[in-house]
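Please work through the exercises below with the model open beside you, and try each task before reading the solution that follows.

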Amino acid sequence: MKKQLILEDGTVFIGKGFGADTEKFGEIVFNTGMTGYQEILSDPSYCGQIVTLTYPLVGNYGINRDDFESITPATHGFIVKEVCDFPSNWRNELSLDEYFKQKKIPGIAGIDTRKLTRIIRQYGTLKGAICSIEENAEDVIAKLKDITLSAEQVKQVSTKKPYPSPGRGSRVVLVDYGMKHGILRELNKRDCDVIVVPYNTTAEDILNLSPDGVMLSNGPGDPKDVPESIEAIKGIIGKVPLFGICLGHQLFALASGANTEKMKFGHRGSNHPVKDLLTGKVSLTSQNHGYTVEEESIKHTNLEITHIALNDGTIEGLQHKEYPAFTVQYHPEASPGPEDANYLFDRFIEMIQSHKQEGAAYVKA
């Protein structure tokens, strides 16, 4: 079954279709990870995007029940050089083709992913479509130029109602902008009593849950598309310890008076080096974002830069100068990727404990 990948700039790739026999439009991005395609396809931060995998062979260890980062994938499609039809792994339950058919996600294989990646790196992310070989390319290109991609990705992937993930330790309210399960797993490992709430929960409702700390999750899209979340964070800063990841990091920056901007092609992969300016340590990190905090805008805020990306110098971490709050642009929970930055969850718990002790000392005084 032949399919086409058509870009808004007029580029057309012909390849072999796999997965669902359906047409999908989306933003074409690329991920440089060598493994972890199951976590990538189930990461809600890819909502509305068609993901190009730069590693040439995909699907060779199949799909298993344990490595998902969400229940329902929001990815609009996969582009690969070669897809494995007969995976081999002791945990394998389905091939990538079988899983994509189940979830109605189209894929295309057999195209020059190196050429496609170079196009994106040169011109930036582009709108594109995976469609039937019978579709007229000129008609699809006209449609791509005319179409406006959704700006409501966070609304699509966030939980609709609050729910608990009980523990006996510190209570953490986790605001779900498109949360990866890895974040919840790391908090559960530390016995946190987690309450997951929707993206549009107000500061008042969050604080009424009596949290010891608040976690701002990852998520898709432009942070400026969720102004209600920015307002909620403004009402939380300084009240309880706060830790933000990825989109949560960008929203925290906006709530603190900084600015964000769209990157040319973003950071997506499990091999991005980041330097911790507080310790001098360099970690390899897992990343997935198309926006960044504008460095110049930090100068007029109460924020300081704590981490930078070694590849391009962009901001990868912030902390508040007065209040117990810090954020990172990358994914310390990995999934997929290295766990070099996992210590940040421990730093968050230590911050919560310190804040509790300071509060107790204040009450005694």
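**Exercise 1. Find which helix gives the most residues to the positive surface patch.**

Solution. Begin with the members of the positive patch, which are R114, R118, R121 and K264. Helix 3, which spans residues 113–123, gives the most to this patch, with 3 residues; helices (H or I, at least four residues) and strands (E, at least two) are DSSP runs, numbered from the N terminus. A patch is made of residues with over 30% relative accessible area and no salt bridge, where like charges are joined within 9 Å and nonpolar side chains (Val, Leu, Ile, Met, Phe, Trp, Tyr) within 5 Å. Lys and Arg count as positive and Asp and Glu as negative, while His and the chain ends are not counted. As a last step, take R121, which sits in helix 3 and is partly exposed, with a relative accessible area of 45%. Buried means under 20% relative accessible area, exposed means over 50%, and partly exposed lies in between (1.4 Å probe, protein chains only).

The model is predicted, so local features need pLDDT of at least 70 and side-chain atom pairs count only at pLDDT 80 or more, whereas totals for chains, interfaces and linings use all residues. Residues are numbered from 1 along each chain as its sequence is written, and side-chain values use heavy atoms, with hydrogens and water left out.

**Exercise 2. List the residues of the negative surface patch, and place D139.**

Solution. The negative patch is formed by E23, E134, E135, E138 and D139. Of these, D139 belongs to helix 4, which covers residues 137–146. D139 counts as exposed because its relative accessibility is 52%.

**Exercise 3. Work out where the partners of the salt bridge between R185 and E69 lie, and whether each is buried or partly exposed.**

Solution. The side chains of R185 and E69 meet in a salt bridge at 2.6 Å, N to O, and a salt bridge is a side-chain nitrogen of Lys or Arg within 4 Å of a carboxyl oxygen of Asp or Glu. This pair links distant parts of the chain, with R185 in helix 6 (residues 181–189) and E69 in the loop between strand 5 (57–58) and strand 6 (77–80), 116 residues apart. R185 counts as partly exposed at 34% relative accessibility, whereas E69 is buried, with a relative accessible area of 1%. The structure holds 16 salt bridges.

**Exercise 4. Describe the salt bridges that D193 and D276 form.**

Solution. Take D193 to start with: its side chain meets that of R171 in a salt bridge of 3.1 Å, N to O. D193 lies in strand 12 (residues 193–198) and R171 in strand 11 (residues 171–176), so that the pair links distant parts of the chain, 22 residues apart. D193 counts as buried at 15% relative accessibility, while R171 is partly exposed, with a relative accessible area of 29%.

Turn next to D276, which forms a salt bridge with R347, the closest N and O atoms being 3.5 Å apart. D276 lies in strand 15 (residues 260–276) and R347 in helix 10 (residues 343–364), so the pair ties together parts that are 71 residues apart in sequence. D276 counts as buried at 1% relative accessibility, and R347 is partly exposed at 23%. Salt bridges can also form a network, and one such network links R65, D66, D67 and R91.

**Exercise 5. Locate the cis peptide bond, and the residues K104 and C246 that have a positive phi.**

Solution. The cis peptide bond joins S335 and P336, with omega of about 5 degrees, and P336 is found in the loop between strand 19 (325–328) and helix 10. K104 has a positive phi of about 60 degrees although it is not a glycine, and K104 is in the loop between helix 2 (96–103) and strand 8 (106–109). C246 also has a positive phi of about 60 degrees without being a glycine, and C246 is placed in the loop between strand 14 (242–245) and helix 9 (247–255). K104 is exposed, with a relative accessible area of 60%, whereas C246 is buried, with a relative accessible area of 2%.

Terms used. Accessible areas come from the Shrake-Rupley method with a 1.4 Å probe; for residues, only the protein chains shown count as cover. The place of a charge is taken as NZ of Lys, CZ of Arg, CG of Asp or CD of Glu.
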